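Colleague: Could you take a close look at the nonpolar parts of this one for me, inside and on the surface? Walk me through it in one go, cut-offs included.

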Amino acid sequence: MLKSTASQLLFSLLLLPAVSWAQDEDWRPSAVRVGADAFGFAKTALTDGYNRQEIQADIDFNKYFFVLDLGREEIDNSAEGFTHTTNGTFYRAGVDVNLTPYNPNKDVVFFGLRYAHATFDESLAFDYAVPYWGPASVDVTNAGLSAYWIEAVFGMKVKVWKQFYMGYTLRGKFGQKTKGAETLIPYTVPGYGVVTDGGNFGFGYHIYYKLAFRDKAVPLRPKDSKKKLK
């Protein structure tokens with residue numbers, strides 16, 4: 001059901017009339033942009049029990065971008081008296097629409113949708129005391145779990161120097177489902193965060209390098225195109 005909904009949302013996004021073009025549209029890809037999530041690296045360095053690496057790539061098709069994220073996340077929520085860990089990998093795939101196609105620096109302000117999937121393991125262990133019987137312990141593990149969800153994203157990618165870009169992504173995450181959880185209800189999911197009934201939010205700040213393989217002209221604004229025709 002969720003996959004069908006994701007397909008419908010992505011199809012609707014492709015039909016979104018975000019901008020109108022007064023010249024022939026150029027659908028041939030011109031560049032691949034590859035980046036890493038600096039926010040994840042910073043959080044890893046500053047937070048005990050947390051480790052995340054994430055890379056992103058996009059390729060242009062007219063005013064749209066196909067985007068793919070790949071990441072790994074390890075979370076240790078252990079405290080005095082118990083141990084709780086989650087670790088796994090995730091990916092996101094989707095389409096962004098460029099809301100600023102006329103920018104001379106080819107900066108991008110975008111809105112998009114993603115289908116996201118994670119594969120992970122989770123474990124919980126703690127000790128407790130039973131009256132009359134003494135100390136006891138619980139040690140449960142969920143191995144080979146999978147989860148999926150949908151994201152609505154908004155952000156920007158701005159040229160800072162030559163082929164280098166920087167930008168942020170705001171994520172609204174919803175419709176999360178988990179498969180394979182038999183002994184333990186998942187508390188956190190890599191790439192998604194804490195599991196809640198009302199969805200979740202995320203933030204990324206990326207540094208990109210643009211690999212251009214052909215020169216693509218910035219399209220004229222409709223009014224400029226009309227002047228040129230005159």
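Modeller: Sure, starting with the fold: the protein chain has three helices and ten strands, both taken as DSSP runs numbered from the N terminus (helices are H or I with at least four residues, strands E with at least two). Keep in mind that this is a predicted model, where local features need pLDDT of at least 70, side-chain atom pairs count only at pLDDT 80 or more, and totals for chains, interfaces and linings use all residues. Residues are numbered from 1 along each chain as its sequence is written, and side-chain values use heavy atoms, with hydrogens and water left out.

Of the 230 residues, 39% count as buried; that label means under 20% relative accessible area, with exposed over 50% and partly exposed in between (1.4 Å probe, protein chains only). Contacts are heavy atoms within 4.5 Å, and among those with a separation of 6 or more, 67% come from residues 24 or more positions apart.

Now the inside. The largest nonpolar core has nine residues: F90, A116, A118, F120, L145, A147, W149, V189 and Y192. β5 (108-130) and β6 (134-161) are the elements that give two or more residues to this core. A core here is a set of buried Ala, Val, Leu, Ile, Met, Phe, Trp, Tyr and Cys residues joined through side-chain atoms within 4.5 Å. Take A118: beyond its neighbours within four places in sequence, its contacts include F90, L145, A147, W149 and V189, along with T89, S146 and P190. A second, separate core of five residues includes F65, V67, V108 and V153.

On the surface, W27, I55, F61, F66, L68, L70 and Y91 make up a nonpolar patch, together offering about 630 Å² of accessible area. The elements giving two or more residues to this patch are β2 and β3 (64-76), and β3 gives the most, with three. Patch members have over 30% relative accessible area and no salt bridge; nonpolar side chains (Val, Leu, Ile, Met, Phe, Trp, Tyr) are joined within 5 Å, and like charges within 9 Å. A salt bridge would be a side-chain nitrogen of Lys or Arg within 4 Å of a carboxyl oxygen of Asp or Glu. Areas come from Shrake-Rupley with a 1.4 Å probe, and for residues only the protein chains shown count as cover. W27 lies in the loop between α1 (2-14) and β1 (31-37); its relative accessible area is 44%, so W27 counts as partly exposed.
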